[in-house]
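Subject: The structure I promised you

Hi,

Here is the structure we talked about, with my notes underneath. Have it open while you read, and write back with anything you would like to go over.

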Amino acid sequence: MTMPARMLRLLSLLQSRRDWTGADLAERLGVTDRTVRRDVERLRELGYPVHGATGTTGGYRLESGRDLPPLLLDDDEAVAVAIGLRTAAATRGMEESAFRALAKLEPVLPDRLRRQIDALGSTVARIPFGGTPESDPRALGVLAAACRDREAVRFAYKGQDRKVEPHSLVTLFRLWYLLAFDPAKRDWRMFRVDRIGAPRTTGHRFPPREPPEEPGAFVARRLTSAPYRYTASALVQAPAAVVEARLVVALPGKVEPVSATTCRVHLGADAIEPIAADLLLCGADYALEASDEVVAALREVGARLTGTRPGPPAGPGSR
């Protein structure tokens with residue numbers, strides 16, 4: 001491997017993960033530790049902020065610099081980035097940044113990759129579900145890096161200053177959620193990213209910590225049990241698997257098996273229409289358990305659908 005090719009390979013390795021030992025780099029490059037040190041010095045002369053530490057925990061790390069250095073991507077990575085940017089270009093809050101990045105990336109792609117990406121863009125149609133996602137690229141970038149590096153973050157949330165240990169970002173229903181461990185509460189918490197104010201890293205690293213369940217399932221269950229204006233449950237005369245398949249969105253815990261032929265569907269929303277839609281989608285007879293307010297609101301929805309005036313409110317258990 002020539003020296004320029006070796007330096008490009010070294011830069012690619014430093015960009016692929018946060019920390020490397022000199023021995024690991026030497027083995028990957030097929031050179032001596034001394035050659036690695038010389039190549040690192042050459043990268044520093046070119047403006048790449050490669051930090052080196054000595055001792056038993058010593059090694060190399062590509063630090064954040066004043067300017068964004070060129071990124072070295074293999075074919076699969078380049079295709080993934082280009083597809084992600086095209087998706088982000090249709091995401092509210094990211095359009096301008098995504099288009100600027102695409103304008104820089106696509107001209108330097110090899111023809112074989114550009115044809116793949118163009119083919120995908122011309123054959124895939126996007127159907128927005130409930131609008132486009134709302135995202136703040138800067139906030140997402142800070143939080144994603146903190147999750148990756150296990151670095152505590154501080155931000156304002158609902159009028160309070162919070163310091164947490166971030167673990168994962170989860171997107172659902174056009175929104176982003178941060179799953180993090182809150183040392184002050186000694187428990188796991190989730191935060192809506194659009195409500196997080198000025199997130200910033202603290203420089204404090206924390207040891208790995210795993211949430212009680214998979215991040216997506218954790219957020220989904222919290223959303224299922226969140227306090228809503230309208231809540232109800234329905235004992236449906238159909239198997240749980242059948243009902244789950246019929247619902248547009250069946251978060252974990254929403255459909256609970258009762259027997260081989262029945263299940264209970266837990267309903268909650270800040271508007272009555274989603275609850276009415278879920279009841280219709282169940283596609284089977286059911287017994288509804290709900291307050292007088294929920295039953296009356298459902299009757300009004302039915303009246304709007306049929307163009308008739310609603311009758312007197314019915315008591316709990318009506319359907």
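Let me start at a small spot: glycine 283, sitting just after helix 10, has a positive phi of about 65°. Before I go on, please keep in mind that this is a predicted model.

Helix 10 itself covers residues 272-281, and its buried residues are Ile272, Ile275, Ala276, Asp278 and Leu279. Those residues span an arc of only 160° around the axis, so they sit on the same side of helix 10. What do they pack against? The partners are three strands, namely strand 8 (230-236), strand 10 (263-269) and strand 11 (286-290), plus helix 11 (292-306).

The pairing with helix 11 is worth a look on screen. The two axes, of helix 10 and helix 11, come within 10 Å and cross at roughly 75°. An angle from 65 to 115 degrees counts as roughly perpendicular, and helix 10 and helix 11 are therefore roughly perpendicular to each other. On the helix 10 side, the contact is made by Ile272, Glu273, Ile275, Ala276 and Leu279; helix 11 brings Val294, Ala297, Leu298, Val301 and Arg304.

Helix 2 (residues 22-29) can be read in a similar way. Its buried residues are Gly22, Leu25, Ala26 and Leu29. Looking down the axis of helix 2, you find these buried residues within an arc of 100°, so they line one face of the helix. They pack against helix 1 (3-16), helix 3 (33-45) and strand 2 (59-62). Here too a glycine follows: glycine 30 comes after helix 2 and has a positive phi, near 70°.

Now the cysteines, since you will probably ask about them. How many disulfides are there? The count comes to zero. As a reminder, a disulfide is a covalent bond between the sulfur atoms of two cysteines. Take cysteine 282: the closest cysteine sulfur is in cysteine 263, and at 6.7 Å it is too far for a bond, because the cut-off is 2.5 Å. Is cysteine 282 buried or exposed? At 1% relative accessibility, cysteine 282 counts as buried. Cysteine 147 is buried as well, with a relative accessible area of 14%.

Two residues other than glycine have a positive phi and are worth a click:

- Arginine 150 has a phi of about 55°. Arginine 150 lies in the loop between helix 7 (137-149) and strand 3 (151-157), and is partly exposed at 38% relative accessibility.
- Alanine 198 has a phi near 50°. Alanine 198 is part of strand 7 (residues 196-205) and counts as exposed, because its relative accessible area is 57% and the limit is 50%.

Next, a couple of spots where parts of the chain that are separated in sequence come together. Proline 239 is in the loop between strand 8 and helix 9 and is partly exposed, at 31% relative accessibility. Which residues is proline 239 in contact with, leaving aside neighbours within four places in sequence? They are Ala260, Thr261, Thr262 and Cys263. Proline 239 and alanine 284 are 45 residues apart in sequence, with 9.9 Å between their C-alpha atoms.

Glutamate 244 is in helix 9 (residues 240-246) and is partly exposed, with a relative accessible area of 39%. Not counting residues up to four places away in sequence, glutamate 244 touches Ala250 and Val255. Between the C-alpha atoms of glutamate 244 and valine 265 there are 9.2 Å, with 21 residues separating the two along the chain.

Finally, the overall numbers. The protein chain has eleven helices and eleven strands. Of its 319 residues, 34% count as buried. The accessible surface comes to about 19100 Å², and 54% of that belongs to carbon and sulfur atoms. As for contacts between residues at least 6 apart in sequence, 58% join residues at least 24 apart.

If you have only a few minutes, I would go to helix 10 and helix 11 and look at how their axes cross at roughly 75°. After that, find cysteine 282 and cysteine 263, with 6.7 Å from sulfur to sulfur.

Cheers

Definitions and conventions. Residues are numbered from 1 along each chain as its sequence is written. This is a predicted model: local features need pLDDT of at least 70, side-chain atom pairs count only at pLDDT 80 or more; totals for chains, interfaces and linings use all residues. Side-chain values use heavy atoms; hydrogens and water are left out. Helices (H or I, at least four residues) and strands (E, at least two) are DSSP runs, numbered from the N terminus. Buried means under 20% relative accessible area, exposed over 50%, partly exposed in between (1.4 Å probe, protein chains only). Contact means heavy atoms within 4.5 Å. Accessible areas come from the Shrake-Rupley method with a 1.4 Å probe; for residues, only the protein chains shown count as cover. The arc is that of the directions from the helix axis to the C-beta atoms. Axes are lines fitted to C-alpha atoms, for helices over the stretch in contact, and angles run from 0 to 180 degrees between N-to-C directions. Angles under 35 degrees count as roughly parallel, over 145 as roughly antiparallel, 65 to 115 as roughly perpendicular and the rest as oblique.
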